[in-house]
Amino acid sequence: MTINILIVGAGAVGAFYASRLAQVPDVQVSVICRSNYEVVASNGFSVSSPKYGSYTFVPYRTFANPKQSAESKIIWDYALVSTKALPDVSDDSEILEGLLKEGRTSIVLVQNGLGVEEPYAKRFPTATILSAVTIVSAAQTSHGIIKHNRWTRISIGPYLPGTTDESTSNAKIKLASERNKEFVQLLQAGGIADAEEYSHAKLQMVRWHKIAINASMNPSAVLSGGSTNNNMSMDPELYIHLKGVMDEVLSTAPKVLGTPLPKEFATPEAILRSTQKNTSGSKPSMLLDWEQGKKMELEVILGNPIRIAREHGLEMPRLQSLYALLRMAQENRDGAASTESKL
């Protein structure tokens with residue numbers, strides 16, 4: 001039976017994973033594009049990778065907007081969302097209205113941050129939601145041109161709040177676990193060897209672990225005037241700062257989740273040693289957004305962790321400082337831009 005997958009947000013990450021899933025027999029991958037629609041509709045994506053080589057990925061269908069994909073009448077098995085999570089700007093769960101078939105379509109969220117699942121769970125309470133955390137170095141250097149730079153890892157688990165790893169009898173839990181396993185197997189069949197299957201509880205810990213990286217590196221790159229992760233990790237004072245933020249996040253996570261940090265998870269020291277070895281010069285996504293005048297993922301990377309911690313009676317002063325400074329910097333920048341546009 002043919003499996004139909006819809007990619008919502010065909011930027012670098014979405015297009016890269018779409019191109020790998022499309023390699024699997026009996027899988028049809030379609031995409032919803034935005035600014036790159038005309039190029040992709042005409043030529044598909046040109047992908048280059050040190051691991052997978054150079055190839056062209058032509059989506060089964062290319063849509064300019066969600067309405068077109070709904071009008072196609074295709075029944076989607078998976079809707080993979082890889083847009084930036086900007087809850088202070090819009091509720092992206094609305095994009096999926098009219099696209100999901102009850103009991104058939106599973107939502108896969110490949111997004112940064114904490115709390116990204118909630119809007120989808122509220123809007124589609126009966127839908128199966130798979131939550132994914134990825135580390136992938138990929139960029140869309142121009143419309144339709146995807147450059148994959150290094151190895152890729154993606155961890156996926158069913159979103160089942162209120163359950164434990166021992167909860168296996170509920171039908172919804174069983175279905176979500178089965179869909180999760182199938183999607184991980186599809187990624188592996190597409191050549192993503194480091195696609196890993198997790199439980200709900202462990203996946204949420206993975207999200208907190210990645211927050212330790214994103215919440216330390218991304219804001220600091222902006223506030224230090226455009227530093228790369230490597231440059232920051234090599235600076236003695238910034239090294240102390242980055243490690244302090246990571247320690248704060250990773251000491252808070254077990255208190256919030258009620259489970260210890262898995263021993264196999266990299267320590268802040270190990271993360272920083274790896275960063276010191278990465279001389280690619282790549283910039284964090286938040287820095288790229290800042291330089292391009294775009295909204296940054298402040299809420300899901302900084303604001304939500306702070307609010308979740310406070311709900312448990314915990315404060316995160318290092319994170320709070322970064323959040324307060326960057327939120328005001330963004331407001332001032334956007335206010336200045338708005339004033340200039342009126343002159």
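Asn-4 sits in strand β1, which spans residues 3-8 of this predicted model. With a relative accessibility of 11%, Asn-4 counts as buried, because the cut-off for that class is under 20%. Its side chain reaches the side chain of Gln-28 through a polar contact of 3.0 Å. Gln-28 also belongs to the wider set of residues in contact with Asn-4 once neighbours within four places in sequence are left aside; the others in that set are Tyr-60, Ile-74, Ile-75, Trp-76, Asp-77 and Tyr-78. For a sense of scale, Asn-4 and Pro-66 are 62 residues apart in sequence, and their C-alpha atoms are 15 Å apart in space.

A second buried polar side chain to look at is that of Ser-93. This serine lies in the loop between β6 (78-81) and β7 (106-110). Ser-93 counts as buried because its relative accessibility is 0%. Which side chain does the side chain of Ser-93 meet in a polar contact? The partner is Arg-123, at 2.7 Å. Arg-123 is also one of the residues that Ser-93 touches beyond four places in sequence, along with Pro-119, Tyr-120 and Phe-124.

His-148, in strand β9 (residues 145-158), makes polar contacts with two side chains. One joins the side chain of His-148 to that of Ser-49, at 2.8 Å, and another, of 2.8 Å, joins it to the side chain of Thr-152. At 2% relative accessibility, His-148 is well under the 20% cut-off and therefore counts as buried. The residues it touches, not counting those up to four places away in sequence, are Phe-16, Ser-48, Ser-49, Pro-50, Tyr-52, Val-136, Ser-137 and Ala-138.

Attention now turns to the helices. In α9, which runs over residues 268-277, the residues Pro-268, Ile-271, Leu-272 and Thr-275 are buried. Why do these residues lie on the same side of α9? They cover an arc of only 95 degrees around the axis, and this puts them on one side of the helix. The spacing fits a general rule: an α-helix has 3.6 residues a turn, so residues three or four places apart point the same way. The cover over the buried residues of α9 includes α6 (200-223), α7 (229-234) and α8 (236-257).

The loop between α8 and α9 holds Phe-265. This phenylalanine, at 11% relative accessibility, counts as buried. Setting aside neighbours within four places in sequence, Phe-265 is in contact with Lys-202, Met-205, Val-206 and His-209. Phe-265 and Tyr-198 are separated by 67 residues in sequence and by 13 Å in space, C-alpha to C-alpha.

Helices α6 and α8 also appear around an open space in the model. The second largest pocket holds about 600 Å³ of space. It is lined by 26 residues, and the closest to its centre are His-200, Gln-204, Trp-208, Val-256 and Leu-257. Two or more lining residues come from each of α6, α8 and α11 (298-311). Which element gives the most to this lining? That is α6, with six residues. Sorted by class, the lining of the second largest pocket comprises 11 nonpolar, nine polar and six charged residues.

Definitions and conventions. Residues numbered from 1 in each chain as written. Predicted model: local features only at pLDDT ≥ 70, side-chain atom pairs only at ≥ 80, totals over all residues. Heavy atoms only, no water. Buried < 20%, exposed > 50% of the residue type's maximum accessible area, 1.4 Å probe, protein only. Helix = DSSP H or I, 4+ residues; strand = E, 2+ residues; numbered from the N terminus. Arc of directions from axis to C-beta. Contact = heavy atoms within 4.5 Å. 1 Å grid on protein atoms, 1.4 Å probe; cavity = no way out; pocket = protein on both sides within 12 Å on 5 of 7 lines; lining within 4 Å. Points joined across faces, edges and corners; volume = space filled by probe spheres on them. Nonpolar A, V, L, I, M, F, W, Y, C, P; charged D, E, K, R; others polar. Polar contact = N/O pair within 3.5 Å; in protein donor to acceptor, adjacent residues only side chain to side chain.
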